[in-house]
Each structure stands twice: as C-alpha cells, then as structure tokens.
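Here are a few exercises to work through with the model open beside you. Try each task before you read its solution.

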Amino acid sequence: MQSQSWQPVLPSHFLRAGENIVAGFLSGQELAVWRSRTGSVQAWDNRCPHRGTRLTLGRIINDNLSCAYHGWEFTTQASCAAIPANPSLPLPKNLRVKSFPVTESGGMVWVSNGEAQPSDQSAADAPSAPGSFFCRSIGIRADASGVRATLELYGFKAHGAHAWHGDIASLPAVILINAITSQLTVAHAWLRNEPSRVELTKAQAELRIFRRDIEANQN
Ligand code: FES
C-alpha cells in the first residue's frame, strides 16, 4: 500500500479557467474539479450540500460554481454565496461543500485525502522533466496491484509512490497510477518528448493493448 495520500487525479490542461467542471476520483471519492478565473483549482465532493445533485452537472458563473438543480452558488471557499430562486433567504452560513487539499505539479492536478497538505512533497513524483507530453488517461477495470504487476512485465520501474518510468511504443514515458477502487484504476500516461502524430497514435494504441492485457488477466 502507498502511504502518501496525494493522488494524481487529472491533467491540469483538462481544466479551463472559469469554464468547465471535470469529474475526478480520489480513492473511491467522486470529485468535482474546477479552476477559477484566477487559476486556483478546487477539488470538491461531487455532491451539492443542498440536495445532493452532482456538482459536475453545474456551471461556473462569476467564479462561483452554480448547482444544476436549484442554482445555489458556491464560492471558491466552498461556502454558499447565492440562492438565486429566493434571494431574500438568509445564506446558510454552515452549509459548505466538502473540499480537499489540491496542488498542481508536473502538469497534473493532485488531490489529497486530507492527510497531506499542499506543502508536502509527496506530489513530487509527477513527470516534471521539461517537454513531458500528455499522451492519454485510461480507466482500467482492475485493482492497482494488477496494473503495477503488468507495468513491471512491460519493463516499467517504479519511481516514488505513483510514477512508473518505461517506454510506450519505444518512446520514453511516465505513467502515473491513481487507485480509485478495488476494481478501477486510472493510468495517466505522459511521454518524455513531444512525439510525431504517428508516434502518438502508436503510443495511444499500445496503451489500449496494455489495458486489454490487464483486464484479460483479471477474468
Ligand atoms: S441540489 Fe444543488 S442547489 Fe439544490
């Protein structure tokens, strides 16, 4: 088991400031991840504290996340800022969205289950080499130990808690593993150098084969 509580949740470039809300996972916890216009990233429980609607269904209005159901708005501090359908209602001061520590490193958004703070260094195993190029994230229906075992078979070597270094389609690569549940793992694959279009297509095809091999071994 990994002791670090930081998990590589999604590539930073998936988040467009003030525009989109992306689903992520942290050890079985479903997250709503979004970036404010000032660039800060929020990682929240994907559940509205009003009536439980998924926050990823909402939208960002004036740097607040607006829930899709009744339109309640939540600030980047996770507190309620507006109840548009009933503006005379006092804002519920104690109603907050559950939020998680979040940091960015090496092109990834890392989220902690609360045991690690952004000052901790456990996110340092992100692919930080200059020129790292995002290849693909794949969801694999297998537990993380099965994914790690297959990575070893493919010649990858572990570096830190989450990163594996090796080659994808003969290109130097880093794969970051995020254990979601006992039956689901997400692998975020990065290439060390910018590939040609043909090389990228080959690398993405090899990742699909990699997933097929792991899932076949699970059955
Ligand atoms: S469920 Fe989100 S505002 Fe009501």
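**Exercise 1: Salt bridges**

With a relative accessibility of 56%, Arg37 counts as exposed. Please keep in mind that the model is a predicted one.

Task: Find the acidic partner of Arg37 in its salt bridge, and say which parts of the chain the pair ties together.

Solution, step by step:
- Start at the side chain of Arg37: its salt-bridge partner is Asp63, with the closest N and O atoms 3.9 Å apart. The cut-off is 4 Å, so this pair counts.
- Next, place the two residues. Arg37 sits in the loop between strand 3 (29–35) and strand 4 (41–45), and Asp63 in the loop between strand 5 (59–61) and strand 6 (64–66), so the salt bridge ties together parts 26 residues apart in sequence.
- Now check the accessibility of the partner: Asp63 has 16% and counts as buried.
- For another case, look at Arg16 and Glu19, whose closest N and O atoms are 3.0 Å apart in a salt bridge. Here Arg16 is partly exposed at 45%, while Glu19 is exposed at 53%.
- Finally, Asp45 and Arg47 form a salt bridge at 3.8 Å, N to O, and Asp45 is buried at 15%. The whole structure holds seven salt bridges.

**Exercise 2: An aromatic cluster**

Task: Work out which rings are linked with Phe134 into a cluster, and how each pair is arranged.

Solution, step by step:
- A pair of aromatic rings is described by the distance between the centres and the angle between the planes.
- Four aromatic pairs are found in total. In one of them, the ring centres of Phe14 and Phe134 are 5.6 Å apart and the planes stand at 90°, so the pair is edge-to-face.
- This pair links distant parts of the chain, 120 residues apart: Phe14 is in the loop between strand 1 (6–11) and strand 2, and Phe134 is in strand 11.
- Phe14 is partly exposed at 31% relative accessibility, whereas Phe134 is buried at 16%.
- Phe134 also pairs edge-to-face with Trp190, at 5.4 Å centre to centre and 70° between the planes. Phe134 lies in strand 11 and Trp190 in strand 15, so this pair ties together parts 56 residues apart in sequence.
- Trp190 is buried, as is Phe134. Put together, ring pairs link Phe14, Phe134 and Trp190 into a cluster.

**Exercise 3: The nonpolar cores**

Task: Which element gives the most residues to the largest nonpolar core?

Solution, step by step:
- The largest nonpolar core has 22 residues, and Ile140, Val147, Leu151, Ile168, Ile175, Ile177 and Leu191 have the most contacts inside it.
- At least two core residues come from each of strand 11 (133–140), helix 1 (144–153), strand 13 (163–168), strand 14 (171–181), strand 15 (184–191) and helix 2 (197–218).
- Helix 2 is the answer, giving the most with five residues.
- Apart from this core lies another, of 15 residues, including Ala32, Cys48, Phe74 and Ala78.

**Exercise 4: A three-stranded sheet**

Task: Which strands stand at the edges of the open sheet with the order 2-3-4?

Solution, step by step:
- The three strands pair antiparallel in the order 2-3-4.
- Strand 2 (21–26) and strand 4 are the edges: each has a single partner strand, so one side of each lacks a neighbour in the sheet.
- The twist averages 35° from one strand to the next.
- Six bridges join strand 2 to strand 3, and Ala23 has Ala32 in strand 3 as its bridge partner.

Conventions
Residues are numbered from 1 along each chain as its sequence is written. This is a predicted model: local features need pLDDT of at least 70, side-chain atom pairs count only at pLDDT 80 or more; totals for chains, interfaces and linings use all residues. Side-chain values use heavy atoms; hydrogens and water are left out. Buried means under 20% relative accessible area, exposed over 50%, partly exposed in between (1.4 Å probe, protein chains only). Helices (H or I, at least four residues) and strands (E, at least two) are DSSP runs, numbered from the N terminus. A nonpolar core is a set of buried Ala, Val, Leu, Ile, Met, Phe, Trp, Tyr and Cys residues joined through side-chain atoms within 4.5 Å. Two strands pair if DSSP finds at least two bridges between them. Axes are lines fitted to C-alpha atoms, for helices over the stretch in contact, and angles run from 0 to 180 degrees between N-to-C directions. Rings of Phe, Tyr and Trp (its six-membered ring) pair if their centres lie within 6.5 Å; planes under 30 degrees apart count as stacked, over 60 as edge-to-face and the rest as tilted.
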